[in-house]
Amino acid sequence: MRNIAVIGVGYVGLITGACFADLGNRVVCLDINEEKIEKLKRGIMPIYEPGLEELVERNVRAGRLSFTTSYAEAIRDAEFAFIAVGTPEGVDGEADLRYVQMAAESIADVLDHPVIIVNKSTVPVGTGDWVADIVRARRGNSVPFSVVSCPEFLREGSAISDFMHPDRVILGSLDREAAEKVAQLHLPLRTTLVITDLRTAEMIKYASNAFLATRISFINEIANICEAVGADVKEVATGMGYDKRIGHAFLDAGLGYGGSCFPKDVKALAHMAVIHGHQPQLLDAVMDINAAQRQQAVSKLRGLLGDLHGKTIGLLGLAFKPNTDDMREAPSVAIAQALLAAGAHVRAYDPVAIDNARRELPDVTMTTDPYTLAEGCDALVVVTEWNEFKQLDLARIRQTMRQPILLDGRNIYDPDMVHRLGFTYRGMGRGYHGEGNTTRTDAP
Ligand SMILES: NC(=O)c1ccc[n+]([C@@H]2O[C@H](COP(=O)([O-])OP(=O)(O)OC[C@H]3O[C@@H](n4cnc5c(N)ncnc54)[C@H](O)[C@@H]3O)[C@@H](O)[C@H]2O)c1
């Protein structure tokens, strides 16, 4: 059993704390947000994540997991202090490190025994050294400490399983012994441990996210070409994916990537490149394609409905992806805003993100279920591919819509089946189904 402090109880910190407690460690989770900590003390989760409530409850009951707003209390017995605070986008696209700085300063101010500071937040290359400088500036050499980078790769919606069964754990430090101590904590996960230097570990995280975002923009570009030439991107991606060098993951065409990581991390990597004198042409294209993809939904609706003024559009799904209530950089926000600006009435339904969405989209009418959503709509748009949308009674939905138009922004439906039900169907990159400029019988 090790004593661990986790700083920041967001998606990453709370999962990290609860999972390390479940592995038998004693964990104190700290946040400066008093409301979050109060709620956690009462067993109320500040975020939606499948399985989290049970995991937290079990470990609190076992006396291995507790919550505080006091750095003195969190650090008092800690051998490891994980920093898992937010690193949002700054004004010029850089990662905003103010919360990391505050966390490092606060740890330093109460530090009276050796500790390993483990950075889990996604941070620009060089931040680990900077954190060490911050602590040293406040404590001098009075207390020995080390900094280890341990970037997090979990995905919201499957965060617990991702933490417990990672593809690999990356550890970076100038202090090999400290990195190996952090490696020990991860041994129960029985996964590949990669130990490298601090800066390389920080770069692995950005390179990984940028690569996944690139795959999404790549397939979206292919989708747009598919529409133009009369091919079906879903089948193209399936066919590509069987190539072992390519694989199937992250080849789903749609409305582009969103969420709390890819948008800001690609921007931050591009920013880092520019300030070091490198023009990141590929990353720039990835971001441009992603921004354009969201507007595709609005252009397609215009193509189907003409002037959107006065039309009623229903959005199926608001969260940036299924199984989360996270609305950060969700495509639904850009789409709803563009539709509202065009004078449309926008209605929406999401299984868990409605409360968060209300704050961002006060002019959107939220509904309680997909069937109520569809009533009187001129078009429905699948924005988030929640499983429950895959099994909807579309025949029932069609009867209550003003116009039976279905824009499948995530390609979850079989176009032929939806056509048979009497809908006008549009997907993303499904040119084979008569959506593009050509049909299958056109000569090349
Ligand atoms: N969300 C993800 O899926 C994910 C995945 C991998 C990596 N990351 C990275 O992990 C980091 C955290 O992301 P998140 O989504 O958990 O963020 P979040 O916004 O959900 O949570 C951050 C938490 O840190 C707290 N905080 C801020 N300053 C603090 C301070 N000085 N002391 C204590 N607490 C403080 C906030 O109150 C908040 O509760 C980011 O760098 C992110 O890029 C996120």
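**Exercise 1.** In this predicted model, decide whether Phe20 and Phe163 are buried or exposed, then describe how their rings are arranged.

*Solution.*
Step 1. Both Phe20 and Phe163 are buried; the term requires under 20% relative accessible area.
Step 2. The ring centres of Phe20 and Phe163 lie 5.3 Å from each other, and the angle between the planes is 85 degrees. Rings pair if their centres lie within 6.5 Å, and planes over 60 degrees apart count as edge-to-face. Phe20 and Phe163 are therefore an edge-to-face aromatic pair.
Step 3. Phe20 belongs to helix H1 and Phe163 to helix H7 (residues 159–164), so this pair links parts 143 residues apart in sequence.

**Exercise 2.** How many aromatic pairs does the whole structure hold, and which residues form one aromatic cluster with Phe20?

*Solution.*
Step 1. A search of the whole structure gives 5 aromatic pairs.
Step 2. Phe82 and Phe163 join Phe20 in one aromatic cluster.

**Exercise 3.** Describe the packing of helix H1 (residues 11–22) against helix H3 (residues 52–61).

*Solution.*
Step 1. Two packed helices are described by the angle and the distance between their axes.
Step 2. For H1 and H3 the angle is about 50 degrees, and the axes are 9 Å apart. That angle makes H1 oblique to H3.
Step 3. H1 and H3 cross in a left-handed sense.
Step 4. On H1, the contact is made by Leu14, Ile15, Ala18, Cys19, Ala21 and Asp22; on H3, by Leu52, Leu55, Val56, Arg58 and Asn59.
Step 5. Sorted by type, the residues of this contact between H1 and H3 are 8 nonpolar, 1 polar and 2 charged.

How values were computed:
Residues numbered from 1 in each chain as written. Predicted model: local features only at pLDDT ≥ 70, side-chain atom pairs only at ≥ 80, totals over all residues. Heavy atoms only, no water. Axes fitted to C-alpha atoms, helices over the stretch in contact; angles between N-to-C directions. Helix = DSSP H or I, 4+ residues; strand = E, 2+ residues; numbered from the N terminus. Parallel < 35°, antiparallel > 145°, perpendicular 65-115°, else oblique. Left-handed = near helix turned anticlockwise from the far one by under 90°. Contact = heavy atoms within 4.5 Å. Nonpolar A, V, L, I, M, F, W, Y, C, P; charged D, E, K, R; others polar. Phe/Tyr/Trp six-rings, centres within 6.5 Å; stacked < 30°, edge-to-face > 60°. Buried < 20%, exposed > 50% of the residue type's maximum accessible area, 1.4 Å probe, protein only.
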